[in-house]
Amino acid sequence: MKFFPAFLAFMTTILLMVAPVHAVELSIVSGDTGNGIKVLREILDRFEKKSGNKVDIVVIPPSTTDQFGQYRLWLAAGSSDIDVYQTDVIWAPQLASQLVDLTEATKDVVGAHFPSIIKSQTVNGRLVALPIFTDAPALYYRKDLLDKYGAKVPATWKELQDTARLVMDKERAAGNKGIWGYVFQGNAYEGLTCNALEWVMSNGGGGIVEPDGTISINNPKAAAALDMVKGWIGTIAPPGVLAYQEEEVRGVWQTGNAVFMRNWPYAYALGNSENSPIKGKFDVAPLSAGEGGRPVATLGGWNLAVSKYSKHRDAAIDLVKFIASPEMQKYRTLKTSNLPTIAALYDDADIARQQPIVPRWKPIFLDAQPRPSATARIKYNEASSEFWTAVHNTLSGEGDAADNLADLEARLTRLKGKGW
């Protein structure tokens, strides 16, 4: 009888010694905005409990431009420090050669995602990233202030400019000295490319680089759109907007210091959080359009990719599938108002009740305009940098729009060379 307890204790010791051999430590890198990192940590805690593996988050700055540069450095060095990368929708063609092909491992789950998003992450027949949420920007507006002054939600940029100025001036006259009419992402980075693409395309000025590779940006309608926005700086938009990224914009808006804001859906949940000064005071609408044009929303979205240098590929793939699963996408959406990439979640009653922007935004993101990354491919980031630099110069008063776009066309032509 003494043998059995001794044997049990012996086997327990052996199991404790063996178990850690099967557990692995993974790392995931993210520069998410808002409460995205906090929610990711909550999801990872669930994965750790289920799998027995440990996952560390490597947090980097939220600027997508800075993120891409750091990713390129890690991958070029063949670093195994990062197992899973959170990637922008535009990066697949540029990073594909250094990412694991997920096609076989995800064949049981890809059918639940929107096919267009899966296609955007497929390069030469290889699925290099699995989507976790998609994005299309909204025009946030203070419905209480518009109602107060009998103003309507603007359908055109001219209407937005006039309404922003009207409400801003009346509020300042009433003592609200810190309020501005409109805030957007005006810093010289990828976010400005997104904003400027919307201004230009909605004004009939083309898509920078067209699907056939033609460079189309140097035209009067594109120049007119940028001249229009230049006129906002210091009038309806604060001068500091030229240094704003997503979180700076949200900071001004959520403290009640803007009538209108351009931002992604993540700002909806935060604006309606318990301690938000504007909770229940705002709503969202499609972005405005140029006269005679149509609204344009730049397609965004984030995915997860496994580094080919990872020493734990199978565990990393399991992690990616877990985070991208319907259950975790729903959890993220309820916490952050990020748009899911799984079609069925747009009919989920909990999401519709708690985050009403999500079902409303399905047609917006389905019609969203992709940036020309599929055309410019590995040259896209340099092309985008040239574009946002020309735009930022214009908004800053360094040259006029027509001259800057002519110079941009010449730079893009040299970059293109014999082809994209």
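Here are a few friendly questions and answers on cavities and ring contacts in this predicted model. Local features need pLDDT of at least 70 and side-chain atom pairs count only at pLDDT 80 or more, while totals for chains, interfaces and linings use all residues. Residues are numbered from 1 along each chain as its sequence is written, and side-chain values use heavy atoms, with hydrogens and water left out.

User: How are the rings of phenylalanine 114 and phenylalanine 365 arranged?
Analyst: Rings of Phe, Tyr and Trp (its six-membered ring) pair if their centres lie within 6.5 Å; planes under 30 degrees apart count as stacked, over 60 as edge-to-face and the rest as tilted. Here the centres are 5.1 Å apart and the planes stand at 75°, so the pair is edge-to-face.

User: Is phenylalanine 365 buried or exposed?
Analyst: Buried means under 20% relative accessible area, exposed over 50%, and partly exposed in between (1.4 Å probe, protein chains only). Phenylalanine 365 has a relative accessible area of 4%, so phenylalanine 365 is buried.

User: How are the rings of tyrosine 182 and phenylalanine 184 arranged?
Analyst: Their centres lie 5.6 Å apart. Their planes meet at 35°, so the pair is tilted.

User: Which ring does the charged end of arginine 262 sit over?
Analyst: A charge sits over a ring if NZ of Lys or CZ of Arg is within 6 Å of the ring centre and within 35 degrees of the ring normal. The charged end of arginine 262 is 4.6 Å from the centre of its partner ring, that of tryptophan 264.
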